[in-house]
Amino acid sequence: MQPIWIDKIEVARRQITEAVTLFFELRDFVVIHTVIASAHQVLIDVGKEQGIVSVVKNPKGMTREVFRKHVRTVNEPYNFFKHADKDPEGKINIAPIERFTSDFMLDAILMLQNISGEIPLEAKIFWSWFVSTYPDELSDCPEDGALKHLMSLGLNEWDFPTIRQFLTFGEIMQEANK
């Protein structure tokens with residue numbers, strides 16, 4: 001068998017692509033969060049050398065103690081999903097995980113864009129959907145900027161099966177152009 005080498009950025013890119021696909025297929029958010037949190041951590045680690053940080057894990061204006069508590073809270077679902085050594089009988093409320101996972105996905109996409117200068121089609125579609133769905137969180141962006149253009153596409157009005165079909169079409173077109 002011939003070796004196939006990939007770097008950490010390719011790992012994160014693949015994880016983001018699959019997490020977005022699973023997201024728009026309305027699959028299990030425990031799985032989606034586990035995949036995107038892995039990509040997110042890889043990008044945090046790789047981004048350190050370039051000074052690129054996570055907005056989700058590094059909000060500004062926190063004291064050291066508040067910051068530590070914030071990071072523990074942010075990491076709690078991911079750690080719960082991958083470890084059982086300290087709490088084999090533990091339980092976690094996953095009701096907020098869908099929205100929390102969306103924030104992780106956008107943050108990972110932004111870090112990948114900043115680190116590599118490019119993102120896959122799936123990430124572009126997710127980014128467009130996110131800014132259309134949560135425009136209040138991005139109200140401070142310039143009126144003539146790219147984010148306002150993405151918001152105007154109205155992907156928040158599309159149902160997920162339609163978005164998934166659109167992604168499939170994009171994947172087919174990418175393969176055809178290779």
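This report walks through the fold, surface, charges and a few individual residues of the chain shown above.

The structure is a predicted model, where local features need pLDDT of at least 70, side-chain atom pairs count only at pLDDT 80 or more, and totals for chains, interfaces and linings use all residues. Numbering starts from 1 along each chain as its sequence is written, and side-chain values use heavy atoms, with hydrogens and water left out.

**Overall fold**

Let's start with the big picture. The chain holds seven helices and zero strands, and its order along the sequence reads α-α-α-α-α-α-α. Here helices (H or I, at least four residues) and strands (E, at least two) are DSSP runs, numbered from the N terminus. The radius of gyration is 17 Å, close to the 16 Å that the globule rule gives for 178 residues, so the chain is as compact as a globular protein of that length. That radius is taken over C-alpha atoms, and the globule rule is 2.2 Å times the number of residues to the power 0.38. Along its principal axes, the C-alpha trace spans about 50 × 50 × 35 Å.

How much of the chain is buried? Buried residues account for 39% of the 178 residues. The cut-offs are under 20% relative accessible area for buried, over 50% for exposed, and partly exposed in between (1.4 Å probe, protein chains only). Contacts (heavy atoms within 4.5 Å) tell a further part of the story: of those between residues at least 6 apart in sequence, 61% join residues at least 24 apart. The chain exposes about 11100 Å², with carbon and sulfur atoms supplying 55% of it; accessible areas come from the Shrake-Rupley method with a 1.4 Å probe, and for residues only the protein chains shown count as cover.

**Charges and salt bridges**

The mean positions of the 19 positive and 26 negative charges lie 7 Å apart. Lys and Arg count as positive and Asp and Glu as negative, while His and the chain ends are not counted. Each charge is placed at NZ of Lys, CZ of Arg, CG of Asp or CD of Glu.

A salt bridge is a side-chain nitrogen of Lys or Arg within 4 Å of a carboxyl oxygen of Asp or Glu. The count comes to seven salt bridges, including these:

| Positive partner | Negative partner | N to O distance |
|---|---|---|
| Arg27 | Glu25 | 3.3 Å |
| Arg99 | Asp103 | 2.9 Å |
| Arg164 | Glu171 | 3.5 Å |

Salt bridges that share partners also join Glu10, Arg13, Arg14 and Glu118 into one network.

Is Arg164 buried or exposed? Arg164 is buried, at 16% relative accessible area, whereas its partner Glu171 is partly exposed at 24%. Arg27 is partly exposed at 47%, and Glu25 is partly exposed at 32%. Arg99 and Asp103 both lie in helix H4 (residues 97-116), four residues apart, about one turn of the helix. Arg99 is partly exposed at 26%, as is Asp103 at 24%.

**Two further residues**

Glu137 sits in the loop between helix H5 (121-133) and helix H6 (146-152). What does Glu137 touch, leaving aside residues up to four places away in sequence? Glu137 touches Arg99, Asp103 and Phe130, which brings us back to the H4 salt-bridge pair, Arg99 and Asp103. Glu137 is partly exposed, with 45% relative accessible area. The C-alpha atoms of Glu137 and His40, 97 residues apart along the chain, are separated by 20 Å.

Thr162 belongs to helix H7 (residues 160-176) and is partly exposed at 32%. The C-alpha atoms of Thr162 and Lys148, 14 residues apart along the chain, are separated by 22 Å.
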